[in-house]
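Me: I should like a close look at a single part of this model, followed outward into its surroundings. Please give one connected account.

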Amino acid sequence: MNEIEKTIEILRKSVPPHPYKSREPFRVLVATIISQRTKDEVTYTVAEKLFEKYPTPEKLMNADEKDIAALIYPAGFYQQKAKKIKEVARIIHEKYHNQVPDSLDELLTLPGVGRKTANIVLSRCYGKDAIAVDTHVHRISNRLGWINTKTPEETEKALREILPKRYWKDINELLVMFGRTICRPISPKCDICPVKKYCKYYREKKKEGWVGSA
DNA sequence: AAAACGGGGGC
DNA sequence: GCCCCAGTTTT
């Protein structure tokens, strides 16, 4: 077992499980669009309300865009998200007969769906060999010293090369939870971090005489 | 009060 | 590549 594998095994045991459990492709797709540039705590509460009122693609495609916007309001960027969600619902219903596509190229065709969102659906719903890179995955992979990249696309490519496939599917949920509890963007809690002995960022900060965290 | 946070698309 | 979108949380 190399250092990356050891790190992941430790994180699996110490990081709390990701709260969003649905694997239903349409819901995961829409929830992930809502989650873009917003905290996932608020994402799931508004997604629940949305699906309660509009449980299917047909219902959602016929919903008033303003009403969708109102329901997802706390997530931010609500107008363009509402527009995209409504359009996605229409396409999934009319073009794909309610079956969310399971290929990257087709998913990327949908409005509001980029690499992160598409890869979330592929890995979480379809068990594909996909790595969903969001800012948590990007930041943490670089902090730990696994890779040295500056864009999410580079990160995805680099992780494909150094990360054993059996971890691809879970890496996003794992690092998201690690990122919100310990390895936060600002003032990470390195003093209580379970993998600091494998972390490049920690070693460097220590060398600089940095102490503790907030 | 101000700054940090988090994806995609249009140009 | 740069800039816009709109909230919540942290400092």
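In which helix is Ile85 found, and what surrounds that part of the chain?

Reply: Ile85 is found in helix H6, residues 78-94; helices here are DSSP runs of H or I with at least four residues, and strands are runs of E with at least two, numbered from the N terminus. The model is predicted, with local features requiring pLDDT of at least 70 and side-chain atom pairs counted only at pLDDT 80 or more, while totals for chains, interfaces and linings use all residues. Residues are numbered from 1 along each chain as its sequence is written, chains are lettered from A and ligands numbered from 1 in the order in which they are written, and side-chain values use heavy atoms, with hydrogens and water left out.

Ile85 counts as buried because its relative accessibility is 0%; buried means under 20% relative accessible area, exposed over 50%, and partly exposed in between, with a 1.4 Å probe and protein chains only. Leaving aside residues up to four places away in sequence, Ile85 touches Val30, Ile33, Ile34, Leu60 and Ile72, where contact means heavy atoms within 4.5 Å. From C-alpha to C-alpha, Ile85 is 9.7 Å from Ala69, and the two are 16 residues apart in sequence.

The helix itself has 17 residues and reaches 24 Å from its first C-alpha to its last, close to the 24 Å expected at 1.5 Å a residue; the expected span is 1.5 Å times one less than the number of residues. Its buried residues are Lys81, Ala82, Ile85, Val88, Ala89, Ile91 and Ile92. An α-helix has 3.6 residues a turn, so residues three or four places apart point the same way. The cover over the buried residues of H6 includes helix H2 (25-34), helix H4 (57-61) and helix H5 (65-71).

One partner deserves separate mention. Leu60 touches Ile85, Lys86 and Ala89, and its further contacts include Phe26, Val30, Leu50, Tyr54 and Ile68, again not counting residues up to four places away in sequence.

The wider setting is the largest nonpolar core, which has 40 residues; Leu29, Ile34, Leu50, Leu60 and Leu110 have the most contacts inside it. Such a core is a set of buried Ala, Val, Leu, Ile, Met, Phe, Trp, Tyr and Cys residues joined through side-chain atoms within 4.5 Å. Two or more residues of this core come from each of H2, helix H3 (40-53), H4, H5, H6 and H8. H2 gives the most, with seven residues. A second, separate core of 28 residues includes Leu11, Ala158, Leu174 and Tyr202.
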